[in-house]
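Please examine the sequence and the structure displayed below. The briefing that follows is grouped by topic.

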Amino acid sequence: MLSPLISVLVTTFNSAETLNECLNSVIQQSYTNHEIILIDNYSTDSTIDIAKRFGATIIIKRCGRSEGINLGTRMAEGEYVYRLDSDCIAEPTLIEEAVKKCQEGYNGVVVPVTTHPSMGGWARIRKLERDMYLQDPTHVAARFIEKRVLRIIGGFDESLTAGEDFDVHLRIVRAGFKLADIQSKEYDIGGPTTLSGFCIKNYRLGKTVGTFLKSNPKKGLVIIQPFRLAFWHHRRFFL
């Protein structure tokens with residue numbers, strides 16, 4: 001089988017605290033035919049220096065997260081793009097597993113995301129919540145996507161600061177493309193560890209929830225509502 005080039009897109013802003021682990025998880029992938037494209041929003045810390053050490057292609061532009069991913073997609077040489085947040089790490093087999101699924105005829109894959117077990121404080125509660133969503137088809141987002149598919153659907157909605165990944169997923173499905181699940185996970189290593197930090201982050205990101213719901217009125221309500229069947233399905237684990 002052919003080994004298509006994969007473009008790993010990472011958006012950053014003062015991400016030095018977690019970026020080294022993030023990019024190292026890319027370098028350690030069992031699938032080696034990939035490039036790293038980093039889109040930076042004028043960081044003032046050592047983000048750029050870290051990216052250079054990993055041989056990343058660096059784009060510096062004042063832009064939001066969605067605009068950065070769209071810019072990276074346009075610059076990407078790969079057949080597939082994999083969006084990896086700068087505060088996340090990927091399991092070593094993730095890209096290999098995603099490529100195999102796409103070679104079976106899928107146009108992209110849903111990557112499970114949870115909080116790293118080493119995170120303490122409020123992050124432990126966030127991990128419990130995220131683990132409840134595993135295998136929940138109503139709370140998933142494709143993060144590894146065929147590049148031509150992103151172009152066909154118009155890329156990420158640049159007006160969104162939250163829910164942009166769900167929005168892309170729903171538009172891919174509505175356009176009739178096929179998405180698969182994989183077992184390999186991403187782990188968040190930089191999320192808030194206090195309740196106040198969690199509230200501040202969600203307030204900042206949640207300002208465009210109304211825009212997201214206008215574009216996805218039915219599915220969007222299912223995604224944002226707090227009571228989910230997943231908690232019932234995983235009730236033993238929850239207890």
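Y80 is buried in this predicted model, with a relative accessible area of 6%. The residue counts as buried because its value lies under 20%. Y80 also takes part in an aromatic cluster, which it forms with Y82 and F144.

**Aromatic pairs**

- A pair of aromatic rings is described by the distance of the centres and the angle of the planes.
- Two aromatic pairs are present in the structure.
- In one of them, the ring centres of Y80 and F144 are 5.6 Å apart and the ring planes meet at 25 degrees, so the pair is stacked. The cut-off behind this label is an angle under 30 degrees.
- This pair connects distant parts of the chain, since Y80 belongs to strand 4 and F144 to strand 8, 64 residues apart.
- F144 is buried, because its relative accessible area is 0%.
- The rings of Y82 and F144 also pair: their centres are 6.2 Å apart and their planes stand at 40 degrees, so this pair is tilted.
- The pair of Y82 and F144 likewise links distant parts of the chain, with Y82 in strand 4 and F144 in strand 8, 62 residues apart.
- Both partners of the tilted pair, Y82 and F144, are buried.

**The cavity**

- Rolling a probe the size of a water molecule over the atoms shows where empty space is left.
- The structure contains one cavity of 30 Å³ or more, and the volume of the largest cavity is about 30 Å³.
- Which residues line the largest cavity? The lining is made of L9, I69, V81, R83, R143, I145, L150 and F156.
- Strand 4 and strand 8 (142-146) are the elements that contribute two or more residues to this lining.
- By residue type, the lining of the largest cavity comprises six nonpolar residues, no polar residues and two charged residues.

**A buried residue in a loop**

- D85 lies in the loop that runs between strand 4 (80-83) and strand 5 (88-90).
- Is D85 buried or exposed? Its relative accessibility is 16%, so D85 counts as buried.
- Leaving aside residues up to four places away in sequence, D85 touches V10, C22 and R143.
- One of these contacts, R143, also belongs to the lining of the largest cavity.

**Helix 4**

- The buried residues of helix 4 (residues 94-103) are L94, I95, A98, V99 and C102.
- Viewed down the helix axis, the buried residues of helix 4 fall within an arc of 125 degrees, so they line one face of the helix.
- G105, just after helix 4, adopts a positive phi of about 120 degrees.

**Positive phi in residues other than glycine**

- N14 is not a glycine, yet it has a positive phi of about 50 degrees.
- N14 sits in the loop between strand 1 (6-12) and helix 1 (16-27).
- With a relative accessible area of 31%, N14 is partly exposed.
- Y42, a residue other than glycine, also has a positive phi, near 55 degrees.
- The loop between strand 2 (34-40) and helix 2 (47-53) holds Y42.
- Y42 counts as partly exposed, because its relative accessibility is 43%.

Notes. Residues numbered from 1 in each chain as written. Predicted model: local features only at pLDDT ≥ 70, side-chain atom pairs only at ≥ 80, totals over all residues. Heavy atoms only, no water. Helix = DSSP H or I, 4+ residues; strand = E, 2+ residues; numbered from the N terminus. Buried < 20%, exposed > 50% of the residue type's maximum accessible area, 1.4 Å probe, protein only. Contact = heavy atoms within 4.5 Å. Arc of directions from axis to C-beta. 1 Å grid on protein atoms, 1.4 Å probe; cavity = no way out; pocket = protein on both sides within 12 Å on 5 of 7 lines; lining within 4 Å. Points joined across faces, edges and corners; volume = space filled by probe spheres on them. Nonpolar A, V, L, I, M, F, W, Y, C, P; charged D, E, K, R; others polar. Phe/Tyr/Trp six-rings, centres within 6.5 Å; stacked < 30°, edge-to-face > 60°.
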